[in-house]
Amino acid sequence: MGEHGHGKLNASTAKCVTCARSIAGAEIVIVLLGADTAPAAAAAAQLAGVSRILRVDNAANSPPLAAVLAPQVAAMAADFTHVFGPSTTFGKDLMPRVAALLDVAQLSDIMAVEAANRFRRPVYAGNAIQTVETDAGARIVATVRTASFEAASGGGSAVIESRDVRAHLPQHTRFVSLSSADAGRPDLQTARIVISGGRALGSADNFQLLYRIADKLGAAVGASRAAVDAGYAANDMQVGQTGKIIAPELYIAAGISGAIQHLTGIKDARTIVAINKDSEAPIFEVADYGLVGDLFTVLPELERLLG
Amino acid sequence: MSKVMVCIKRVVDYNVRVRVKPDGSGVITDGVKMSINPFDEIALEEALRMRERGFATEVLAASIGPADTQQQLRTALAMGADRAVLVQNDGPVEPLAAARVFLKLVEKEGPSIVILGKQAIDDDNNQTGQMLAALWDRPQATFASKIEIDGKVARVTREVDAGLETLEIDLPAVLTTDLRLNEPRYVKLPDIMKAKKKRLDTLSLADLGVTANPQVRVLRTDPPPQRQKGVIVKTVDELVAALRSKGLVS
């Protein structure tokens, strides 16, 4: 299930492809549902290892609503052994609805493929990892934990086909609006560098200290749940088990103590930097570089030195 | 007459530090504090507010689990639910089976709204609400952070990766809650006494004609790989030098 919007393919799709490629002998097909999927299909066709792109263009498919997409995906699933979607809010909303229509279980947040019907997935906010198996031959519907997989590279040349899908589409669910805090900054889930702030920043205004550093680094800005709950940052900036799970090259945690649910969201980051006043903060247990100090002196100095 | 059904799961309390059994057969749950799944507690709070605002006339709390799950349903009754039903079952119940059980209860009870947490903090599946909505062939509004009801329609704001999405859905419907929907109330002692007198029915899966029929086998449970603890740098200069030497910043 390709995720896309505004003519762009979401980066989660290339990661799902990598997950699918770890199933031996799999032929990989990307399905795109939308009003006009041509631009996203052109991008998807370039992903290495993908054989076909199936476009299902229908005005009712944009913006994507799980209740509208699910019967179409279920109708197409007969041709596939595995139906994967990303563990983004798009995939989490859609895939269980698809699985129920197909009368099969759904596996959430696949982080590794051990065999065509055996996978690893996190439970208890990442405090335990389960190895799970479904009956051989049963159709598998799953969400893929995108932070666990590298994006598939380019250079592919998949065939693009259009499909008409016959399914009853419900009218009971209607899109009203989408408001985004995005101000043209790098996307949290694909940025190479992410800098996040916690409640210690003390106010929404003080998040500017992070934005100024982010601007110098080309970084995305995230926040802990505590900072979002306190109203210092928008909900879509939340990093952690119940927010976004990310895997940047460099993660800088400023004034974040390191609650387990936050650590779950960043444990695939390549390098973690922690800046905190409290030398006992749990974030230092996982940080590659720790700096004990006051944010309001450290952050301006960091900004200056990166200049 | 409008009924709201809240689905509740009994889980290891969120303050417990979960440990994996040395033999890899699961996590340690013996003697561990159990609670209502926090997202379900938010769902219950929202249902109570729907009643207080005059939309709902009855709040029904429903759960699936072993006999001890009565404790969590009594807590739900103490918070303010009018009635509770436990579908008692000792074995594992996967989300699809749970959705089937809740569908049977929906057919029996005829709620206008079914509300539950977006996920349970044990299996982290995030599936049951969506599956129930599919089987019921009704709308779903997942990850809700704001719910407004106007007659036969609900307007729900959802926390999605791109920001806040608002949907309009026809009732009856399934709603799943995100963290910022509300802050659940505390239970007061007199309410705990009152809750003992409220009705709590117990049914079996067989009473509802559902079989658990698990489809996923858990072969092994392991602790997560640990990150190596790094170094403490003394100054911002030292930090920036280290990041530059690794090519992480220019």
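## Model and confidence

Two strands are taken to pair if DSSP finds at least two bridges between them, and it is in this sense that strand β4 (residues 58-65) of chain B and strand β5 (residues 83-88) of chain B are paired, since six bridges join them. The model described here is predicted, and the predictor gives the complex an ipTM of 0.96 together with a pTM of 0.94. For chain B, the pLDDT averages 96, and 100% of the residues score at least 70.

## Parallel strands in chain B

The strands β4(B) and β5(B) run parallel, and within this pairing B:Ser63 stands opposite B:Leu86 of β5(B). Helix α2 (residues 70-79) of chain B belongs to the same arrangement, in that β4(B), this helix and β5(B) make a right-handed β-α-β unit.

Strand β5(B) is also joined by six bridges to strand β11 (residues 199-204) of chain B, again with the two strands running parallel. In this second pairing, B:Val87 has B:Leu203 of β11(B) as its bridge partner.

## The three-stranded sheet of chain A

In chain A, three strands form an open sheet in the order β5-β10-β6, and their pairing is parallel. Because β5 (82-86) and β6 (106-110) of chain A stand at the edges and have a single partner strand each, one side of each is left without a neighbour in the sheet. From one strand to the next, the twist averages 25°.

The pairing of β5(A) with strand β10 (residues 140-144) of chain A is made over five bridges in the parallel sense, and one of the matched positions places A:His82 with A:Ile140 of β10(A) as its bridge partner. Helix α1 (residues 11-21) of chain A packs on this sheet and touches β5, β6 and β10 of chain A, while the direction of the helix makes about 145° with that of β5(A).

## Domains of chain A

Chain A is divided into domain 1, covering residues 4-162, and domain 2, covering residues 193-305. The C-alpha centres of these two domains of chain A lie 30 Å apart, and the contact between them takes six residues from domain 1 of chain A and nine residues from domain 2 of chain A. On the side of domain 1 of chain A that touches domain 2 of chain A, the residues divide into two nonpolar, three polar and one charged.

Technical notes
Residues numbered from 1 in each chain as written. Chains lettered and ligands numbered in written order. Predicted model: local features only at pLDDT ≥ 70, side-chain atom pairs only at ≥ 80, totals over all residues. Helix = DSSP H or I, 4+ residues; strand = E, 2+ residues; numbered from the N terminus. Axes fitted to C-alpha atoms, helices over the stretch in contact; angles between N-to-C directions. Contact = placed C-beta atoms within 7 Å. pLDDT = per-residue confidence, 0-100. Domains from an automatic or database assignment. Nonpolar A, V, L, I, M, F, W, Y, C, P; charged D, E, K, R; others polar. Right-handed = clockwise from strand over helix to strand, strands pointing away.
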